[in-house]
Each structure stands twice: as structure tokens, then as C-alpha cells.
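Read the structure below from one chain outward, and then look at where the two chains meet. The paragraphs that follow go through it step by step.

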Amino acid sequence: MNEHLDVSSDAEFETRAQQAFHASVNRLDAASRSKLNQARQRAMAEASQGWRWQWARVGLQSRALAGLAALGMAVFFIAPNAALHYGAESALAEEMELLSTNDSWDLYAEEPEFFEWAGQDSNAAAPNEIPGST
Amino acid sequence: MSATLAAPRWTAAAGERYGDQLNAEAFLDQAQSQALDRFLADVEQRALRIAQIAVRDRDDALDIVQDSMIQFARRYASRPVDEWKPIFYRILRNRTYDWQRRRKVRGRVIAWWTSGATVDEEEAPDFIEQAVSPDSGPDARLESAEAMHQLEGAIRRLPARQAEAFMLRSLEGLDVAQTAQAMGCSEGSVKTHHFRAIQALRAELGEHWP
């Protein structure tokens, strides 16, 4: 079949095809070139908007990172003090809770002698006086 | 006193740094912009001819190329420059397929709507005119123009993948890897399609090709 071909080889055929193609590209009319130029300008405008957005995004990311770092530093330096304060407040609250429970009234009812002694002790009684020892 | 002196110094330094950053951004923007402009200017005319061969209509081909350029610039301009060409032709190929699908659907709708009536002359593509003389310039009689007309017709009669492989490899000059990337297939597949395309084109054009 190939003996009918004018083109002797695939490479030569490709070269000729490419030449014909490039010649047709060079023959493009002015209207087409103008429209292509306008289309390119539109694409360039889109691209520059994209780049601006990209830079803005990088700026936002760096600011967000800086904010996170500042927040981390704040947590690192302020949180321990806050924890101490919280610990002290929670201990006080625990004592208040213990004092406000009904246990002390139960103890008073069961062991009135102890509370009498404690009352005497607080009224400057002798330290060696033990309830029930007399 | 030292604090009041220190504050303006720090502000000035920060301003310089910020100015440098702005200059760097502007420089990068400008460099990228110039590279992109050169790239698009380099490929746009060949892309138009390739699209025109595929869709047979100059205005539709212009729309396809414009959409491809905008999509490329919007989404892929930040990619490395050596990846631009296959990506651009991948977009062009997808846009061309989209156009062909829409055209097919539109043809079916028109066929159903007219249901045997004669198609309006404005709607009907003039295939004879397009096949014989798609170029309207004075150079249309030149031998290379005639050769291109025949080549275009033969390419259109190829299976789609063979036509793609031939146009990207032989006409646009992409290498095998770039063609594979643009076509979304393996390099072996590109070689096969390209070889078969050349054989088919040589068989068809050989006797009469100017």
C-alpha cells in the first residue's frame, strides 16, 4: 500500500503536515488574531485577580498563624496562674461545702460532751482537762 | 525619651520590610504575568487552529480557546511553567468535547423539534463550504493551504483518540509524556494512537496530497 504514497517516510510526512499546519496558522485573519488578543487580555485579568487573592490568602494565613502563636503564648503564661487561682478558690469552696453539710449537727447530737468540752476549751479551759476524766 | 525614639525607628524598619514584601509580590506578579502572557500568546493561534479542525467553526473555536485560556489562567497559572502546555491542551480538549456533546444534544433537539421539516439555512452548518474552503483569505489557493484543507478533512475522519494524538504530537509538537498528560492516557497508548494515525493519514492522503 505504501508504494502509492508520495511521502516516503513517516517523519517526512509529519514534517510536511507540520509545515502545512504552521502555514495555516500564519494565514489566520486579522479578526481572529484580534479576538484571540482580547481573549488573552481577559485571561490575564483573571490571572492577576487570582494572584492577588493568592497573596491575600498567604497574608491571611500568616496573620492567622501569628494570632494562634499569640494565643498559645497567652495560654502558656496566663493559664498556670489561672490554675493556681482556680485551685485556691476550689479549696475554699470545698471547705465551705464541708462546713455547710449536716454532718456537724449529727456529731453534735451524738456526742454533746465533746462539743461541751470544745466550748470550754475555747473559753480558755485547762489543756489537761479531758472530757469524762473527772 | 529613648522609648519615643525607638518607636519611630521600629515603625520605619517595619515599613521598609513591608515595602520590600510589597515589591517582592509586585515583582513576582509581574514576572508571572509576563510569563503567562508569553505562553498564551505563543499557543493561542495554534490552539485556535486545532480547535477549528475539531469543531469546524471559527467562532465556536474562538469561544473554546477563550474559555480554555481563562480557565487555565484562573486555576493553573501558579503551576510550574513546564507543566503549562499539557495542562492547557488538556483543558482545550475537555472544552472541545463539551462543545461536541452540546452540539450533539442540540442536534437531537432540533431534529425532534423539526421532525422531518427542512432545517433552517441559518442553523444548518455548511459542510461543503467548510470542507472546501474554510479559509477566506487570498492565500487559500496556495498549495500549502490546499494541503492543509486535505489534511484537516483526513484528520476529521480519524477516530477521536488518533486525531488527538496526531494533532498534539505532530502539529503542536508535544512530546510523548506531555501528550499523554494532555490526553489523560498512558504513553504507550499515545504511541499506538499516533502511529496508527500517521499510517491512516498517509494511506488516505498519499496519492493526492500536494
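Start with B:L151 in this predicted model. Setting aside neighbours within four places in sequence, B:L151 is in contact with B:F166, B:L171, B:L201, B:L205 and B:W209. The list for B:L151 also includes two residues of the other chain, A:F13 and A:A17.

What kind of group does B:L151 belong to? B:L151 is in the largest nonpolar core, which has 62 residues. B:L151, B:Y89 and B:F166 are the residues with the most contacts inside this core. The element that gives the largest share of the core is α1(B), with eleven residues.

Now take chain B as a whole. Which elements is chain B built from? Chain B has eight helices and zero strands. Read along the sequence, the pattern is therefore a plain repeat, α-α-α-α-α-α-α-α. Of the 210 residues of chain B, 38% count as buried. Among the contacts in chain B with a separation of 6 or more, 62% are between residues 24 or more positions apart.

Charged side chains give a second way to follow the chain. Over all chains, a search of the whole structure finds 19 salt bridges. One of them joins the side chains of B:R49 and B:E152, at 2.4 Å from N to O. Why does this pair tie together parts that are 103 residues apart in sequence? B:R49 lies in helix α1 of chain B and B:E152 lies in helix α5 of chain B, so the salt bridge connects those two parts. Are the two residues buried or exposed? B:R49 has 3% relative accessibility and counts as buried. B:E152 is likewise buried, at 3% relative accessibility. The cut-off behind both statements is that buried means under 20% relative accessible area.

Another salt bridge is found within a single helix. The closest N and O atoms of B:D98 and B:R101 are 2.6 Å apart. Both residues lie in helix α3 of chain B, residues 84–114, and they are three residues apart, about one turn of the helix. B:D98 counts as partly exposed, at 29% relative accessibility. B:R101 counts as exposed, at 51% relative accessibility, because exposed means over 50%.

A further pair is B:R157 and B:E204, whose side chains meet in a salt bridge of 2.6 Å, N to O. This pair links distant parts of the chain, 47 residues apart: B:R157 is in the loop between α5 and α6 of chain B, and B:E204 is in helix α8 of chain B. B:R157 is exposed, with a relative accessible area of 57%, while B:E204 is partly exposed at 35% relative accessibility.

The next step is the interface. How many residues of chain B are in contact with chain A? There are 50, and they are in contact with 38 residues of chain A. Between them, the two chains bury about 4,200 Å², with 62% of this area on carbon and sulfur atoms. Three residues, B:Q45, B:R202 and B:W209, supply 17% of the area that chain B buries against chain A, more than any other three residues.

Polar and charged pairs also cross the interface. The count is 13 residue pairs in polar contact, with both residues at pLDDT 80 or more. The elements that give two or more residues to the side of chain B that touches chain A are α1, α2, α5, α6 and α8 of chain B. The largest share of that side, 15 residues, comes from α1(B). Sorted by class, the side has 25 nonpolar, twelve polar and 13 charged residues.

Six salt bridges are found across this interface. In one example, the side chains of B:D37 and A:R40 meet at 3.0 Å, N to O. Elsewhere, a network of salt bridges links A:D29, A:K35, B:R58 and B:D59.

Finish with B:Q66, which is in helix α2 of chain B. Its side chain is joined to that of A:R42 by a polar contact of 3.5 Å. Leaving out residues up to four places away in sequence, B:Q66 touches A:A39 and A:R42. B:Q66 counts as buried, at 18% relative accessibility.

Technical notes
Residues are numbered from 1 along each chain as its sequence is written. Chains are lettered from A and ligands numbered from 1 in the order in which they are written. This is a predicted model: local features need pLDDT of at least 70, side-chain atom pairs count only at pLDDT 80 or more; totals for chains, interfaces and linings use all residues. Side-chain values use heavy atoms; hydrogens and water are left out. Contact means heavy atoms within 4.5 Å. Buried area is the accessible area (1.4 Å probe) that two parts lose on being put together, summed over both. A salt bridge is a side-chain nitrogen of Lys or Arg within 4 Å of a carboxyl oxygen of Asp or Glu. A polar contact is a pair of N or O atoms within 3.5 Å; within protein, one must be able to donate a hydrogen and the other to accept it, and residues adjacent in sequence count only if both atoms are side-chain atoms. Helices (H or I, at least four residues) and strands (E, at least two) are DSSP runs, numbered from the N terminus. Ala, Val, Leu, Ile, Met, Phe, Trp, Tyr, Cys and Pro count as nonpolar, Asp, Glu, Lys and Arg as charged, and the others, Gly among them, as polar. A nonpolar core is a set of buried Ala, Val, Leu, Ile, Met, Phe, Trp, Tyr and Cys residues joined through side-chain atoms within 4.5 Å. Buried means under 20% relative accessible area, exposed over 50%, partly exposed in between (1.4 Å probe, protein chains only).
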